[in-house]
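User: I am new to this structure and would like a guided tour. Please start with the vocabulary, and then let me ask my questions.

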Amino acid sequence: MADKAKASRLAQEGLAHWEEAELELALQKTNEAIVLAEPNHWMVADYHGQLAGIHAQAGENDKARGHYEKALFLQLQGGEADGGITVIVCRHFLAMHLLEMSLASEALDVLQPSLQAAPVHWLNCVAHAHILHALRRFADAKDAAQLAIKYAPSLAKAEQLTKNLNVMFSEENV
């Protein structure tokens, strides 16, 4: 039987355990949250995203990928659009995970709908820069990195992105 309040509490407990690197407890609590949540409740997608992150931290890349894909599927099934922030975030994390798995072409395919819908959203540009760099498209990666910095939501974020994306600007990658 669905219990949204208990599901939310369990997910929060799972998050707290994840933050403490108590991955088994984090997985247990987050899985319990999914079981108790209403199947079509919007938070279920977030719970799958949380599970994906926990599995990724545990080095369980295939399980993480499955949950990132499920989170994206649920967001789209729930009526979210590719230009919407929830889908942008889902596609970003899935693409970056695929990149960690050395699947740059698949990462680009996953990100493409969000790039088409919101080509200068900074989060799309960050993932795009990393993917293009992995594909050895260095000039394009630099352009995407510059867009990420230009459209960052704050000066502090722009400064952080400049540091994090500096590999895109190195002489050897031009």
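Analyst: Happy to help! A residue is called buried under 20% relative accessible area, exposed over 50% and partly exposed in between (1.4 Å probe, protein chains only). The model is predicted, and its residues are numbered from 1 along each chain as the sequence is written. Local features need pLDDT of at least 70, side-chain atom pairs count only at pLDDT 80 or more, totals for chains, interfaces and linings use all residues, and side-chain values use heavy atoms, with hydrogens and water left out.

User: How many salt bridges does the structure hold?

Analyst: Side chains of opposite charge can pair when their charged atoms come close. Here a salt bridge is a side-chain nitrogen of Lys or Arg within 4 Å of a carboxyl oxygen of Asp or Glu. By that rule, the number of salt bridges in the structure is 6.

User: Which side chain meets Glu-13 in a salt bridge at 3.5 Å, N to O?

Analyst: Glu-13 sits in helix 1 and its partner in helix 2, so this pair ties together parts that are 16 residues apart in sequence. Helices here are DSSP runs (H or I, at least four residues), numbered from the N terminus. Glu-13 itself is partly exposed, at a relative accessible area of 26%. The partner at 3.5 Å is Lys-29.

User: Is Lys-29 buried or exposed?

Analyst: We can compare its value with the cut-offs above. The relative accessibility of Lys-29 is 18%. Because buried means under 20%, Lys-29 counts as buried.

User: Which residue is linked with Glu-13 and Lys-29 in a network of salt bridges?

Analyst: We have met Glu-13 and Lys-29 as a pair whose side chains meet in a salt bridge. The network also takes in one further residue, which is Arg-9.

User: How many residues apart are Arg-65 and Glu-106?

Analyst: Arg-65 and Glu-106 form a salt bridge, with the closest N and O atoms 2.5 Å apart. This pair links distant parts of the chain, since Arg-65 is in helix 4 and Glu-106 in helix 6. Both are partly exposed: Arg-65 at 21% and Glu-106 at 32%. Along the chain, their separation is 41 residues.

User: Which residue forms a salt bridge with Asp-140?

Analyst: In this pair the closest N and O atoms are 3.2 Å apart. Asp-140 counts as partly exposed at 35% relative accessibility, and its partner is partly exposed too, with 38%. That partner is Arg-137.

User: What separates the C-alpha atoms of Val-126 and Ala-144?

Analyst: Val-126 belongs to helix 7, residues 122-134, and is buried with a relative accessible area of 10%. Ala-144 is 18 residues away along the chain. Between the two C-alpha atoms, the separation is 7.0 Å.

User: Where is Ala-21?

Analyst: Ala-21 has a positive phi of about 60 degrees, although it is not a glycine. On one side of it is helix 1 (4-19), and on the other is helix 2 (23-36). Its place is therefore, with helices taken as DSSP runs, the loop between helix 1 and helix 2.

User: What is the relative accessible area of Ser-102?

Analyst: Ser-102 is another residue other than glycine with a positive phi, near 65 degrees. It lies in the loop between helix 5 (85-100) and helix 6 (104-117). Ser-102 is exposed, and its relative accessible area is 65%.

Conventions
Helix = DSSP H or I, 4+ residues; strand = E, 2+ residues; numbered from the N terminus.
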